[in-house]
Amino acid sequence: MTEDNNLEEEAKNDIENTNETLNEAGDAIVEKTDSIKENASEAFDTAKEKASELANEAKEILGNVKDKATEFINEDAKELYSNAKEKATEFADEAGEKIGELTDVAKEKAANLAEDAKETYTEAKAKAKEFAGEASEKISEFADEAKEKASEFADAAEDKLEDLAEDAKETYTEAKQKTKGFFQRLFGKK
C-alpha cells in the first residue's frame with residue numbers, strides 16, 4: 001500500500017509540475033509579447049515626435065525668414081528712400097541744379113535696395129523651401145526606419161512566440177508521456 005501511495009503522490013507531483021511548467025511557459029510568452037509590443041510602440045512614438053519637431057522647426061524658420069524679409073522691405077527700404085528724399089529737399093534751396101541729380105541718385109539707390117531686398121527674400125524663400133524639402137526627406141527616412149524597426153520587432157516577436165509555443169508543446173507532450181507511463185506502471189496497463 002505504501003508503494004501505491006508513493007506512486008500516487010509522485011503522479012500528483014508530476015501533474016503539478018507539468019501544470020506549473022505550462023503556466024510558466026504561458027507567462028513567459030505573454031511577458032515577451034508585451035515587452036516587444038512596448039518596444040515597438042516606443043520606437044514609433046519617438047519617430048513621430050522627431051518628425052513633428054523637424055516639421056515645427058522648418059515652419060518656424062520659414063516664418064522667421066518671411067518676417068525678416070517683409071520687415072526689411074516695409075521698413076528699412078522705405079526709410080532709406082525717405083531719408084534720401086529728405087536730404088534732396090534740404091539741398092533744393094542751396095542748389096536747384098543738384099535737386100534732379102540727388103533725387104535720381106536717391107531713387108536709384110532705393111530701387112536697388114528694394115531690388116536687393118526682393119532678391120534676398122526670393123533667395124531666403126528658396127532656401128526655406130529647400131530646407132523644408134530636406135526636412136521632409138529626413139522625416140520620410142526616419143518614418144521608414146521606424147516602420148522597418150517595428151516590422152523587425154514584430155517578426156522577432158513572432159519567431160519568439162513560435163519557439164515558446166513549440167517548447168510548451170514539447171514540454172506538454174513529454175509530461176503527458178511521463179504521466180501516461182506512470183499510470184500504466186501504476187495500474188499495470190500497457
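Is F183 buried, exposed or partly exposed? In this predicted model, F183 counts as partly exposed, because its relative accessibility is 32%, a value that falls between the limits of 20% for buried and 50% for exposed.

Begin by selecting helix α2, which spans residues 96-187 and contains F183. Then add F187 to the selection: F183 and F187 both lie in helix α2, four residues apart, which is about one turn of the helix. F187 has a relative accessibility of 58% and therefore counts as exposed.

Next, show the rings. A pair of aromatic rings is described by the distance of the centres and the angle of the planes. A search of the whole structure finds two aromatic pairs. In the pair made by F182 and F183, the ring centres are 5.5 Å apart and the planes stand at 65 degrees, so the arrangement is edge-to-face, given that an angle over 60 degrees is counted in that way. The other partner of F183 is F187, and here the pair is stacked, with 6.1 Å from centre to centre and 10 degrees between the planes. Selected together, F182, F183 and F187 form one aromatic cluster.

While the cluster is displayed, turn to F182, which is buried because its relative accessible area is 1%, under the 20% limit.

Finally, switch to a surface view and select I15 along with F183 and F187, since these residues make a nonpolar surface patch of about 290 Å². F183 and F187 thus belong both to this patch and to the aromatic cluster that also includes F182.

Note on methods. Residues are numbered from 1 along each chain as its sequence is written. This is a predicted model: local features need pLDDT of at least 70, side-chain atom pairs count only at pLDDT 80 or more; totals for chains, interfaces and linings use all residues. Side-chain values use heavy atoms; hydrogens and water are left out. Patches are made of residues with over 30% relative accessible area and no salt bridge: like charges are joined within 9 Å, nonpolar side chains (Val, Leu, Ile, Met, Phe, Trp, Tyr) within 5 Å. Accessible areas come from the Shrake-Rupley method with a 1.4 Å probe; for residues, only the protein chains shown count as cover. A salt bridge is a side-chain nitrogen of Lys or Arg within 4 Å of a carboxyl oxygen of Asp or Glu. Helices (H or I, at least four residues) and strands (E, at least two) are DSSP runs, numbered from the N terminus. Buried means under 20% relative accessible area, exposed over 50%, partly exposed in between (1.4 Å probe, protein chains only). Rings of Phe, Tyr and Trp (its six-membered ring) pair if their centres lie within 6.5 Å; planes under 30 degrees apart count as stacked, over 60 as edge-to-face and the rest as tilted.
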